[in-house]
Amino acid sequence: MTTPFVGRAAELAALRQARERGPAIVLVAGEPGIGKSRLVEEFVAGLHAVEGGCLALGADGLPYAPFVTVTRRLVRELGAARLTGRRGLAHWLPELGEPDPSYGRARLFDDVLTLIELAAPVVVVLEDLQWADPSSRELLLFLARNLSDPGVLLIGTYRSTDLADDHPLRPLLTSLTRLPRTRLIEPPSLTPGELARMLGERPGRDLVARSQGNPLFATVLAEAGTGAPLRDLLLSGFRELPDESRRCVRALSVAGSVTAEGVRQAALTRITGLDDPELEAALRPAVERRLLLPTDDGYTFRSALVREAVYDDLLPGERRRLHLRCGQVPEAAPVELAAHWHAAGERSLALQAAWRAAEAAGAVYAYAERLRMLERVLDLWDPAIGIDAGHADVLKSAADACLHAGAAQRGIALADAALRETPDGTSQALILETRSLLKHRLGQDGLDDLRRALRSLPDSAPPAVLGRLLATLASRLNVLSRYEDARAPAEQALRLGDGDLAVRALALVTLASLAVRDGEHDKALALCHEAAPLAAQAADHDTVALVDVVEAVTLKAAGAYEEAVTIACRGHATARRYGLAGGRGAMLAVVAADGLTVLGRWAAARQTVTDALADEPPPLYCAVLLTVLGFVTLAEGDTAVAANLCEEATRLMGDRYTGTEFVLPLRDLQCQVTLASGEPETADSLLGRALAIPRLAADPGLAWPLLLTGLRVCEMRLPSAVDRLEQLRTLGELLTVPGPVQAAQQATFRVWSDRLAARLAAARTPHSRSLAGQEPLVRRTSRNAAPPAAPAEIRDWDTVAGAWRALGHPYPLAQALLSAAEDALSAGDRAGALTRLEEATAVAGELGAAPLVHELEVLAARGRLTANARSADRLGLTSRESEVLRLVAEGRSNRQIATALFITAKTAGVHVSNILAKLGVGSRTEAAALAHRLGLFDPH
């Protein structure tokens with residue numbers, strides 16, 4: 001019986017609004033039977049819509065299951081001729097020609113996107129996302145991020161009650177709901193009045209209570225009575241069918257357990273043994289009762305709940321026999337056959353089908369599904385069963401799959417097993433390379449495996465294999481900050497890689513990274529531009545992404561942060577399409593987030609990190625992402641959260657990883673968090689450990705920020721920081737300046753360290769000069785009086801601020817302006833201090849840097865810098881004239897003014913004459929009286 005559609009007016013309106021504002025994504029969530037599918041069905045009535053469903057088998061099912069259905073239907077509508085050249089889709093649709101293996105996963109995703117937008121206006125419905133296979137989840141996120149045609153609406157339904165905390169759909173939902181184009185709809189339970197309209201009669205209390213407003217449950221309760229168990233209620237319509245109909249529906253429940261688009265009639269005739277007229281006669285009662293729905297060439301269940309109930313009701317022998325018949329359908333896909341033979345207990349056939357399914361999954365870049373099928377092969381392994389690979393080969397293939405499937409720990413175990421079964425030196429070397437890559441994902445350096453691989457390589461090994469291992473070793477040494485050690489194997493790999501594009505590309509990008517360290521930015525970019533097309537031509541997507549990493553890092557080193565962020569964001573999106581989100585994609589996210597942080601776009605940086613963490617990268621990359629997020633969080637003032645992020649990053653990175661590129665920023669964050677927590681002595685201890693890291697001076701891009709943090713530690717520990725300050729100043733003399741950012745950092749370090757040294761010297765002088773009777777204003781944290789700043793010192797800080805302003809780095813700019821304001825105030829330049837404070841406050845406020853804003857407010861309060869001090873500017877006075885007028889108001893003579901401001905008495909007299917003219921007064925006394933009457937200067 002078909003019940004009337006009731007309620008849901010708000011939900012329909014939301015769907016219509018989303019379609020009007022497209023491109024858009026709507027997620028429809030709720031418990032089973034709440035009416036998600038019925039709502040979508042009602043909405044798409046009369047619209048151009050295509051639907052694909054996910055399978056309860058999940059990773060055991062067909063990769064991209066709902067999208068295979070959607071694309072097949074759209075190609076049928078549009079015609080293959082309109083998709084000429086879209087060879088990526090040929091993996092799914094043979095009518096588009098032979099698949100081109102060089103096209104890659106990115107082309108497949110782009111082709112799906114193009115096909116959907118060609119079909120616009122269109123509504124694409126993806127049912128039961130709680131069962132979505134990993135590749136479908138990745139493709140859905142790609143589409144959601146890249147759709148541009150306003151005529152496209154994506155709708156995904158899922159059972160919210162099925163999602164445990166660790167359900168694999170949760171990260172996808174998190175990423176989707178962050179997109180501004182995504183809308184979440186959760187249909188509520190029907191009210192008693194709505195139930196009455198749906199059922200055509202007033203429901204009894206028992207029905208209302210048991211159904212809880214669930215439309216499906218209410219319907220079956222009304223038909224079968226309220227006393228039966230729910231499972232019996234779901235089967236009530238099925239049990240009323242004729243015997244032959246029930247037999248066919250049972251067969252359909254088994255066949256439909258491994259396909260997302262219904263079961264073709266031709267397959268059902270083979271499974272049931274009926275011819276077409278007999279099958280149609282048997283299924284007609286089920287269609288009339290709305291248990292089944294006809295598709296273009298077959299049948300599907302109207303409700304997945306009913307299919308599950310029918311399948312679960314089968315007797316074990318009955319279920320096995322039906323799976324056996326389904327496995328004999330010749331046109332079934334390898335993954336369908338693998339599932340049917342496995343469920344039927346046919347070990348030999350299941351193993352062979354799983355091996356073919358693994359190959360098919362690899363061909364469409366479905367890495368998680370490939371790993372799952374290879375694990376199935378290993379579980380079913382029998383040396384008597386013939387496949388075109390040995391046990392060690394399967395182990396090696398599974399370990400390789402783990403690299404892209406984000407299963408590093410499992411991959412190491414598989415590689416270990418493969419090594420035990422592999423006597424051949426060349427094969428062993430390649431397994432060791434894979435294990436090394438997996439170890440590095442877990443925070444280990446993996447160098448022992450690479451060196452062992454080179455030792456075990458026989459002289460007869462192909463030169464390309466030696467070149468590949470050398471290129472991998474050079475790349476790893478570079479990442480581990482062993483730059484000089486990396487150069488020789490990179491150059492040797494380049495010589496050996498003449499016939500191997502992938503080897504040449506990897507060697508070139510390593511040499512580019514080394515050039516960045518040497519400050520040769522143009523050379524580094526040229527090497528990147530040479531490596532990129534080679535990696536693309538070799539379909540080496542990992543190196544393609546690595547080129548983007550190094551190019552973005554090069555641009556950052558050259559001070560071109562905007563360009564660097566653009567490259568990193570573009571590369572991150574591409575890495576996702578290649579299925580490398582958790583590997584190189586995570587590192588591109590780090591580069592992008594770091595660049596956004598430096599440019600002051602902290603919200604965007606936080607979003608980038610959060611999205612990258614949702615891709616579940618391996619522990620090492622998680623640690624680096626959390627470190628970037630920790631710096632942003634600390635600058636915003638949430639010390640407790642920053643401490644938690646730092647602690648988690650430290651745990652994930654572990655103590656064994658030695659690459660300074662990742663380790664130094666984390667050590668820097670540890671110092672800053674501890675300092676912000678009010679523990680300067682602990683921070684100094686952590687700083688000492690960081691400064692003891694070998695080869696620190698070899699990486700000035702990372703060492704300079706650590707030295708600046710060290711100065712902050714010294715400032716908090718005055719006057720007991722003499723030795724530490726001397727250590728920092730000595731190291732600062734050793735560090736090179738390979739780019740404009742390091743030049744600004746060096747300038748900041750020199751001015752700041754000189755100022756701290758002067759304060760230490762003053763602290764050791766019994767009669768040191770200080771602000772009369774006042775707490776020192778040089779730093780709010782200082783416990784020692786400092787000598788008044790000279791104009792040269794103020795100019796030094798202004799120069800530093802100018803360097804950061806030119807680079808477009810707002811946070812260090814605001815910090816430099818704060819220091820300049822402190823020195824200006826110490827020198828008696830109140831107007832100059834206020835000018836700098838106002839700019840710094842505006843910058844820090846816009847950033848959301850709460851601690852820095854607080855420092856600025858403290859300085860303004862201590863210096864009694866108020867808005868009245870700006871009145872002098874409104875009278876047309878220059879900053880210098882304002883300073884002179886303040887001293888005139890204090891009764892100073894021209895000579896006294898000259899002494900205070902380090903100018904000549906004649907110059908002071910000229911300033912006084914100009915002030916009298918601008919104020920329109922005839923004497924110094926009148927000028928002083930006017931200043932006091934207007935409240936231009938507070939006493940101080």
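Seven bridges tie strand β1 (residues 24–30) to strand β4 (residues 152–159), and the two run parallel. That pairing is a good place to start in this predicted model. From there, the briefing moves through two open sheets, one parallel and one antiparallel, and then to a buried lysine and two separate nonpolar cores.

**The parallel sheet**
- β1 and β4 belong to an open sheet of five strands, arranged in the order β2-β3-β4-β1-β5 with parallel pairing.
- At its edges sit β2 (49–53) and β5 (182–185), each of which pairs on one side only.
- From one strand to the next, the twist averages 15°.
- If you would like a landmark for the β1–β4 pairing, look for valine 26, which stands opposite isoleucine 155 in β4.
- Helix α6 (residues 169–178) lies across β1, β4 and β5. Relative to β1, helix α6 runs at about 135°.

**The antiparallel sheet**
- Another open sheet has three strands in the order β6-β8-β7, and here the pairing is antiparallel.
- Its edge strands are β6 (263–264) and β7 (292–294), and each pairs on one side only.
- β6 is joined to strand β8 (residues 298–301) by two bridges, with the two strands running antiparallel.
- Valine 263 is a handy residue to find here: tyrosine 299 in β8 stands opposite.

**A buried lysine**
- Is lysine 556 buried or exposed? With a relative accessible area of 14%, lysine 556 counts as buried, because the cut-off is under 20%.
- Lysine 556 is found in helix α27 (residues 541–557).
- Leaving aside residues up to four places away in sequence, lysine 556 touches Tyr561, Ala564, Val591, Asp594 and Val741.

**The nonpolar cores**
- The largest nonpolar core has 147 residues. Those touching the most other members are Met653, Tyr657, Phe662, Leu691, Leu707 and Leu711.
- Which helix gives the most to this core? Helix α31 (residues 619–636) does, with 12 residues.
- Methionine 653 deserves a closer look: setting aside residues up to four places away in sequence, methionine 653 touches Gly443, Leu620, Ala623, Val624, Phe662, Val663 and Leu666.
- A second, separate core holds 52 residues, including Leu96, Phe109, Leu139 and Val152.

How values were computed:
Residues numbered from 1 in each chain as written. Predicted model: local features only at pLDDT ≥ 70, side-chain atom pairs only at ≥ 80, totals over all residues. Heavy atoms only, no water. Pairing = 2+ DSSP bridges. Helix = DSSP H or I, 4+ residues; strand = E, 2+ residues; numbered from the N terminus. Axes fitted to C-alpha atoms, helices over the stretch in contact; angles between N-to-C directions. Contact = heavy atoms within 4.5 Å. Buried < 20%, exposed > 50% of the residue type's maximum accessible area, 1.4 Å probe, protein only. Core = buried A, V, L, I, M, F, W, Y, C linked by side-chain atoms within 4.5 Å.
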